[in-house]
Amino acid sequence: MRKAYYTVEERELTQAMKPPAHTKGPARWIKDNLFNTWYNVLLSCLALICIFFISKALLTWAFTEAKWGVIPANLQLFGVGAYPREQIWRVWSVIYILCVLVGLSAGMWGGLVFRFAVVLGGVWFIGALLPFELSTRGWFLGAVAITAAALFLGRGRTALRPWILGGWLLSFPLIMIVLRGFGENSVLTSNWGGLLLTLILAVVGIVVSFPLGVFLALCRQSNLPAIRWVSTAYIEMVRGVPLITILFMGNILIPIFMPGLDINQVLRMGLAITFFSAAYMAENVRGGLQGIPRGQHEAAQAIGLNYVQTMLFIVLPQALRSVIPAIVGQFIALFKDTSLVAIIGLIDLLGVARSVIANPDWFGLQAEVYLFAAIIYFVFSYSMSYGSQEIETALGVGEH
Amino acid sequence: MAEHENAPNDSIIVCEDVHKWFDDFHVLKGITTSFEKGERAVICGPSGSGKSTFIRTLNRLEEHQRGTIVIDGVELSDDLRNINLIRQEVGMVFQQFNLFPHLTNLQNITLGPIRVRKMTKSEAEEIALSLLERVDIADQAYKYPSEISGGQQQRVAIARALAMEPKIMLFDEPTSALDPEMITEVLDVMRELARSGMTMLVVTHEMGFAREVADRILFFDEGAIVEDAAPADFFDNPQHERTKLFISQTLQH
Ligand SMILES: Nc1ncnc2c1ncn2[C@@H]1O[C@H](COP(=O)(O)OP(=O)(O)OP(=O)(O)O)[C@@H](O)[C@H]1O
Ligand SMILES: [Mg+2]
């Protein structure tokens, strides 16, 4: 029975109550969670023994046998592949453009973006401390300075936010132009490689496949049968074919379908990855769209919003928010899948790893090289995953 | 002499032989009626009789397949411009409130005026705050719908509809999803609205409210209007057997 009225004393009592604090020490936690029953004791001990032997072997290898010299010796190769040394300023210019945008955004939005900018600045700073050539350390230091300056300039200028969003959009073609250059000095895309290529493919894939996926998902829900069928057919077809097949087909078919245009291999792979990822993105988004109750559409219509407004202001914000984990999972998968472009001869991060191993100078160092590549992939993937969790908390997924 | 059937000039809603099917299921079987400016009509009837469907055809949340509906001189048809015009004139309040959970209460109210009526943000917020004042929850403006009670949510929903400055307000069982102690606060707001001269069509089982506020009660059964009378006649002198049964059943508890 719920009481409608409380006496003053009772009410004070009920207000004064606080939930019991959960302050257990780590020893207590381990006892409660790992050693609470006889079979958990057994499993925990087994696990500890396994962990001990594996990490012992790994650490012994890493600190005594492994020849890590292969990594610093090929660092530029890992970073940019066959990108010519005398043109490396182009890559740094691109990094500087991004530093400016990140710094300004961090100043204007604060919060998560600010923390990201600080971490990024920290990475550049560490780069400047490492024993690279003097010019490289100078470039790193420049990046720190530019990020900090942009952050300072952007501080609190919330009114300029739309301009920065426009800037991010424009930065895309700008970066491509800077990387490529004009005339005799231009750098052919076939020379783009390493982490640079991996990141370009991943960013193009993510940035383009996301809106495309949303569009496909909306089409799949359309009232017009023709649009629905086309979109469904596209999604199901792409999902029924392995990515490798699509990469091969993209490599061969795109030049056949567009003979006039000279579409280079990097672009072809970017398109293929985008079209592949969009189908999965569409299915993720559709899951979110289906979770929006009909009442939301009706309430939006009842106040006179048209279809586009209803989607833009009511349905998509809720639908996308609810599928952030799935979407970011798709981004991470796409990032790792870019390694498949090695199959058609592009030298991305993994491609560089393989070519380094094939070099007689570094014979027999597969473990070091692959481990290094794996760590790079992990750092980026985990950052995305971490960012997604932060965004979820910031947006209060599942709360409002 | 000037009964409302003969004086369509004063009628803000005119329905002529409106039919509606869900697939093969005949939900509305020839509704012919009209409502005058400022009229307060209560619609009641057994579950599944087509009450919701009828008022939802009035702002085209449902499409009717035969007959004509004219709202304030504009006929409802496939013409998107007419639909948008009419939706701006007709506000609707739902049983489940249907507030937008990702927006604050204030943003729920200002969205329509900003996006549809093209007001500036500050104009819209001024109106929204005065409406929240009117429904007596000005202090909840910056909370999210999930943070306030059902009765308060329904009052925000009413304010959201009113912010579009509609000429007609439709209510589909606005108190049915509420705990008993919250029904009064919503009915009070509706009473105040009725006093202000708003044209209101209310689907409800609150017979006390109907008797007190309504000019007219329409009784629906199996997709048709069975009884259409002033409250006094409706309760004390019902003509149709189904109406008598319904009244005796609802007044029992
Ligand atoms: N979208 C729909 N598709 C198919 N049938 C529907 C749909 N909506 C309503 N119906 C059916 O139409 C009939 C009338 O529904 P309506 O919601 O108008 O009844 P109601 O009088 O409002 O009843 P209640 O008091 O339960 O709300 C019901 O039998 C219902 O099952
Ligand atoms: Mg109903």
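This passage describes the fold of chain A, the strands of chain B and the surroundings of ligand 1 in a predicted model.

Chain A contains 18 helices and zero strands, and its C-alpha trace spans about 85 × 60 × 50 Å along the principal axes. Of the 400 residues in chain A, 38% are buried. The domain assignment divides chain A into domain 1 (30-65), domain 2 (84-186) and domain 3 (204-400), and the C-alpha centres of domain 1 and domain 2 of chain A are 43 Å apart.

In chain B, an open sheet is formed by four strands in the order β2-β1-β4-β5, with antiparallel pairing. The edges of this sheet are taken by β2 and β5 of chain B, each of which has a single partner strand, so that one side of each is left without a neighbour in the sheet. The pairing of β1(B) with β2(B) is antiparallel and extends over nine bridges, and within these two strands V18(B) is found opposite I31(B) of β2(B). Strand β1, which covers residues 11-22 of chain B, also contains D17(B), a residue that is not a glycine and yet has a positive phi of about 50°. With a relative accessible area of 31%, D17(B) is partly exposed.

A positive phi of about 50° is likewise assigned to D72(B), which is not a glycine. D72(B) is placed in the loop between β4 (66-71) and β5 (74-75) of chain B, and its relative accessibility of 25% makes it partly exposed. Beyond this loop, E75(B) belongs to strand β5 of chain B and is partly exposed, its relative accessible area being 37%. Although E75(B) and Q239(B) are 164 residues apart along the chain, their C-alpha atoms are separated by 33 Å.

A further set of pairings in chain B involves strand β8 (residues 199-203), in which five of the five residues are buried, so that the strand is largely enclosed by the rest of the structure. The residues of β8(B) alternate in direction, with T199(B), L201(B) and V203(B) pointing one way and M200(B) and V202(B) the other way, and all of them are buried. Strand β8(B) pairs in the parallel sense with strand β3 (residues 40-44) of chain B, over four bridges, and in this pairing R40(B) stands opposite M200(B). Strand β7 (residues 168-172) of chain B also pairs with β8(B) in the parallel sense, here over five bridges, with I168(B) standing opposite T199(B).

The surroundings of ligand 1 are drawn from chain B and comprise F22(B), F25(B), V27(B), P46(B), S47(B), G48(B), S49(B), G50(B), K51(B), S52(B), T53(B) and E173(B). When these residues are sorted by class, four are nonpolar, six are polar and two are charged. Polar atoms of the protein approach oxygen atoms of ligand 1 at several residues: a polar backbone atom of G50(B) is 3.0 Å from an oxygen atom of the ligand, while an N or O atom in the side chain of T53(B) is 2.4 Å from an oxygen atom of ligand 1. A polar side-chain atom of E173(B) is placed 3.2 Å from an oxygen atom of ligand 1. Taken on its own, ligand 1 has 640 Å² of accessible area, of which the protein covers 62%. The elements that supply two or more residues to the shell around ligand 1 are β2 (25-36) and α1 (51-57) of chain B, and α1(B) gives the most, with three residues. Strand β2 of chain B, one of these two contributors to the shell, is also one of the edge strands of the four-stranded sheet.

Technical notes. Residues numbered from 1 in each chain as written. Chains lettered and ligands numbered in written order. Predicted model: local features only at pLDDT ≥ 70, side-chain atom pairs only at ≥ 80, totals over all residues. Heavy atoms only, no water. Near = heavy atom within 4 Å. Polar contact = N/O pair within 3.5 Å; in protein donor to acceptor, adjacent residues only side chain to side chain. Areas by Shrake-Rupley, 256 points an atom, 1.4 Å probe, with all protein chains shown as cover. Nonpolar A, V, L, I, M, F, W, Y, C, P; charged D, E, K, R; others polar. Domains from an automatic or database assignment. Buried < 20%, exposed > 50% of the residue type's maximum accessible area, 1.4 Å probe, protein only. Pairing = 2+ DSSP bridges.
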